[in-house]
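I opened the notebook to go through this structure piece by piece. Strands come before the spaces, and backbone oddities come last.

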Amino acid sequence: MRPTERTQGATLIVSLLLVMLLLAVIMSVTAQVTLSARRSSTDQESILRAQLAAESGTALVQARLRVMSTLLRSAQFKPADTPVVMDDLAALCGLSSLPSVPVGSDVCDLSSRPQGLRDAGDARVRLLVRAVSASAFAAAGLDGGTDAKRAAYWSDLFSGPDGSTLTGAPTSATYAVTYGLRPTRLTRSGVSEYRLFFTMPDAQVTGAAASATRQVRLRAEQTGLNLVIQRPSLAPNALFTNHHFASPEAEAAGDRITFTSRTMFSGPVHTNGQFRFMGRPWFGGAVTSAGCRAGQIQTAPLPTGDSCGSDPEPGAYFDSTFQAQANMTPSPDAPTFCYAGNPACAANPDVAPSFPQGVTWNAPFVQLPVNGNDQAAAAQSGGLLISGTVSNLQLYRASVGGQDSQRITYTVGGVTVNLAVGANGKLRILDGSGNWVSAARAADGSVAPGSPQADFNGVVYVNGEVADLNAGPDPIGAAVAPFSGLTVAASGNVNITSDLTYADPPCSGQHTRNPDGSVTPATCANLGARNILGIYSSGGNVNLVSPQSGQPTRLGNDPRIHAVLMAGQGAVQVQGYNTGSPLGNVNLIGGVIENYYGAFGTTSGNVQQTGYGRNFVFDPRTLSGVEPPFFPTSRTWTMALVTTPTGTTQPLDPVELRGDTVSEAP
């Protein structure tokens, strides 16, 4: 039966309605899928922006730590700061004055302070503000033009567990992190050395964008660091001069000391003045110059002391021509100079000092001590304190009662005292009956037969002059026993009249100039040797008395001196340097620290005419802390970021939060 037209129309309408309903369902489903996809894409974008924001915050924390490393590398104190550094150290602990605590003891515990060094005022960070200048901040790209701005920087950085909050809003997102280095304690780690220990905590940075958040955590690998604040020992110097002239008269006349091709120093060399070079001098250690011009080193009473009276002028004299650091060619690190008319200047300059370990022309001014008070105090408490001129002081190795001993014999006012110290550090004295007995120390630092047997810390201090310092019965025998560390200090002159040698020297030979102009340094292979000697005159000269001086001496040709020699207000020099015929070289193993550069001999060109030449071999042990006991320290304080609890090992790379980066949703 054929369907009617009405039935067919109804079927068509129903079919159309079903199709339209199906299309509507399909469109609805499609719209939902599209909306979900858009929603998912938006969420993913937010998460990505939150992640990038968190990583931006991480980069900021890392940058602050790297800048800290850079700033602390530039830290230096001025001589005028010397009187107040101790007060700043006390303020770091919240104290009005620094207590006297034994070496190795804590001055204060800072670990319980949740705010670290942050305080109502800037007293706890004043030490850092003083040490790191506004120019150092500017060089690092920071605004540190005022003390208040630099104090805020250090307070935020060392803000302890409470930390300081850093925020930012990069790419329509935000980040936030609370971070602060955590000071734990201030320790007196040496006679003139303090350490501020602190830890580096982990960092956790939160990034947020819309409703999405991400966190980035950095784990600290190198958690323990310290700032070492010290008056450094002057022993680690091959040569140190305050005035780089032979005398005040020479300085007034502009008669400069000249380093020539005969000059070969294997250790650190420093002057507070300016160097002069001719030929091809060689320096195997770091070379530094504070750049104070002739006649500008000003002497002031304590507590100020010496300083440069005008702005320093970084640079050096090449023959008679001064070249400022900025004008040195081809570079300040390897400057050369040519006389007019030298056609082969580039390949063969006339003046070409060699600095394989680097040179600094604008180094800090370093103050020498002006007295021997520290050495006198050490001698009174644990050494040997002698009042009056010592007409004869003998140091030599000998066997006493079958025991290898360091002999010390001195004569004052016609009275001779014979002492012996064994490897155990105990003092013995020869009594009136010719017997070796225990020596007891009196409160004034003198010794006499008695008990308890005194320990000996190695310091002999003479409140007066040492007229004759020698190696005892055998003038070429060992002056210093293999286990012995000695410092001979005097307020007046110290006159050396014989060889003074180590039983176990760390070095041998001499520096050799090779045919091609290079230098082969002396051999220093015995760096485990323990014996060491320091000789210090705080108010006079250290004189090597030559046989042509007209004075009694057993110092002959090519003498051997194993010691660190220092004259705080005078010079290390040779008496009789300008008379007679050449006497060879003074063969020194150690170093020379002096106010003025003392004369050893005279030359004509490179030819020795009178007196002695210099064969100076630096004792590298002093760079690793092996030095004469209670040897003088600089009056100028220094600060450095250090990675080890002892020593002065500085980080090779900027300090960072190291380890794996872990990203996660909270």
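**Entry: a strand pair and its sheet**

I looked up the partner of Phe277 and found Phe318 of β17 opposite. This is a predicted model, so I read every value here as computed. Phe277's strand, β12, runs parallel to β17, residues 315–318. Two bridges join β12 and β17.

I then followed the sheet outward. It is open and has three strands, in the order β12-β17-β18. The pairing is mixed. Which strands stand at the edges? I noted β12 (276–277) and β18 (321–324). Each has a single partner strand, so one side of each is left without a neighbour in the sheet.

**Entry: the second largest pocket**

I turned to the second largest pocket next. Its space comes to about 810 Å³. I listed 31 lining residues. Nearest the centre are Thr258, Tyr597, Gly601, Thr603 and Arg614. Three elements give two or more residues to this lining: β10 (264–265), β39 (601–604) and β40 (607–618). Which of the elements gives the largest share? I found β40, with six residues.

I also sorted the pocket lining by character. Polar residues number 14 and nonpolar residues 12. Five are charged.

**Entry: cavities**

How many cavities of 30 Å³ or more does the whole structure hold? My search gave two.

The largest cavity has about 60 Å³ of space. I wrote down its lining in sequence order. It begins with Asn242, His243, His244 and Phe245, then takes in Glu251 and Arg256. Gly273 and Gln274 come next, followed by Cys292, Arg293, Ala294 and Ile297. I counted four nonpolar, five polar and three charged residues in this lining.

The second largest cavity has about 40 Å³. Ser69, Leu72, Arg73, Leu641, Gln650 and Pro651 line this cavity. I checked which element gives the most to the lining, and it is helix α1, residues 5–73, with three residues. The lining of the second largest cavity divides into three nonpolar, two polar and one charged.

**Entry: cis peptide bonds**

I went through the backbone for departures from the usual. Most peptide bonds are trans, and most residues other than glycine have a negative phi.

Where do the cis bonds lie? One runs from Thr329 to Pro330, with omega near -5°. I placed Pro330 in the loop between β18 and β19 (359–360). This is the β18 that stands at an edge of the open sheet. Another cis bond runs from Ser451 to Pro452, with omega near 0°. Pro452 sits in the loop between β26 (447–449) and β27 (459–463).

**Entry: positive phi**

I also noted Ala210, which is not a glycine yet has a positive phi of about 55°. The residue lies in the loop between β6 (203–209) and β7 (212–218). Is Ala210 buried or exposed? Its relative accessibility is 72%, so I logged Ala210 as exposed.

Asp558 also went on my list, with phi near 50°, a positive value in a residue other than glycine. I found Asp558 in the loop between β36 (542–545) and β37 (560–575). The relative accessible area of Asp558 is 41%, so I logged this residue as partly exposed.

Technical notes:
Residues are numbered from 1 along each chain as its sequence is written. This is a predicted model: local features need pLDDT of at least 70, side-chain atom pairs count only at pLDDT 80 or more; totals for chains, interfaces and linings use all residues. Side-chain values use heavy atoms; hydrogens and water are left out. On a 1 Å grid over the protein atoms alone, a cavity is a set of points where a 1.4 Å probe fits but cannot get out, and a pocket is an open set with protein on both sides within 12 Å along at least five of seven lines; lining residues have an atom within 4 Å of a point. Grid points are joined across faces, edges and corners, and a volume is the space filled by probe spheres set on the points. Helices (H or I, at least four residues) and strands (E, at least two) are DSSP runs, numbered from the N terminus. Ala, Val, Leu, Ile, Met, Phe, Trp, Tyr, Cys and Pro count as nonpolar, Asp, Glu, Lys and Arg as charged, and the others, Gly among them, as polar. Two strands pair if DSSP finds at least two bridges between them. Buried means under 20% relative accessible area, exposed over 50%, partly exposed in between (1.4 Å probe, protein chains only).
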